Amino acid sequence: MMKTLRDIPVGGTARVVKLHGEGATKRRIMDMGVTKGVEIYVRKVAPLGDPVEVKVRGYELSIRKEDAQMIEVE
């Protein structure tokens with residue numbers, strides 16, 4: 001089973017393996033600094049699970065739940 005950023009608990013760290021999805025959505029995620037091999041720390045998750053607040057490349061970022069499911073991690 002594929003493990004995504006959505007599966008990482010608050011306080012957990014993961015390394016990006018692959019970005020799924022295509023076109024503008026994938027491009028937007030990459031433009032935010034989420035690329036293969038980068039480490040992501042899950043800072044907090046909103047009460048209803050959307051958005052997910054993460055720290056990547058030294059800055060904080062909020063990612064929608066749907067986008068977080070496109071980011072495969074290890």
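## The sheet

In what order do the 5 strands of the open sheet stand? They run β4-β3-β2-β1-β5, with antiparallel pairing. Because β4 (59–63) and β5 each have a single partner strand, they stand at the edges, and one side of each is left without a neighbour in the sheet. Neighbouring strands here are turned by 45° against each other on average, direction ignored. (For such angles, axes are lines fitted to C-alpha atoms, for helices over the stretch in contact, and angles run from 0 to 180 degrees between N-to-C directions.)

A few words on what you're looking at: this is a predicted model, where local features need pLDDT of at least 70 and side-chain atom pairs count only at pLDDT 80 or more, while totals for chains, interfaces and linings use all residues. Residues are numbered from 1 along each chain as its sequence is written, and side-chain values use heavy atoms, with hydrogens and water left out. Helices (H or I, at least four residues) and strands (E, at least two) are DSSP runs, numbered from the N terminus. Two strands pair if DSSP finds at least two bridges between them.

## Strand β1 and its partners

Let's start with β1, which covers residues 13–19. On one side, β1 pairs with β2 (residues 39–45) in the antiparallel sense, over 3 bridges. One bridge pair to look for is R15 with E39 in β2.

The other partner of β1 is β5 (residues 71–73), again antiparallel and over 3 bridges. Here V16 stands opposite V73 in β5. As a rule of thumb, side chains in a regular strand alternate between the two faces of the sheet.

## Salt bridges

How many salt bridges does a search of the whole structure find? It turns up 7 (a salt bridge being a side-chain nitrogen of Lys or Arg within 4 Å of a carboxyl oxygen of Asp or Glu). One of them joins the side chains of R15 and E39, at 3.0 Å from N to O. That pair links distant parts of the chain, with R15 in strand β1 and E39 in strand β2, 24 residues apart. So R15 and E39 are bridge partners in the sheet and also meet through their side chains. R15 is partly exposed at 35% relative accessibility, and E39 is partly exposed too, at 44%. (Buried means under 20% relative accessible area, exposed over 50%, and partly exposed in between, using a 1.4 Å probe and protein chains only.)

Another salt bridge sits in helix α1 (residues 23–31), where R27 and D31 are 4 residues apart, about one turn of the helix. Their closest N and O atoms are 3.4 Å apart. R27 counts as partly exposed at 48%, whereas D31 is exposed at 55%. Then there's R43 with E60, whose closest N and O atoms are 3.4 Å apart. This one also links distant parts of the chain: R43 is in strand β2 and E60 in strand β4, 17 residues apart. R43 is partly exposed at 34%, as is E60 at 45%. Finally, salt bridges that share partners join R28, R64, E66 and D67 into one network.

## The segment before β1

Now for the segment before β1, where you'll find T4, L5 and D7. Is L5 buried or exposed? L5 is buried, with a relative accessible area of 1%. Leaving out residues up to four places away in sequence, L5 touches I40, V42, V54, I63, A68, I71 and V73 (contact means heavy atoms within 4.5 Å). V54 is 49 residues from L5 along the chain, and the C-alpha atoms of the two are separated by 9.6 Å.

T4 is buried as well, at 7% relative accessible area. Not counting neighbours within four places in sequence, T4 is in contact with A68, Q69, I71, E72 and V73. A68, I71 and V73 appear among the contacts of T4 and among those of L5. D7, on the other hand, is partly exposed at 41%. The C-alpha atoms of D7 and V42 are separated by 10 Å, with their positions 35 residues apart along the chain.
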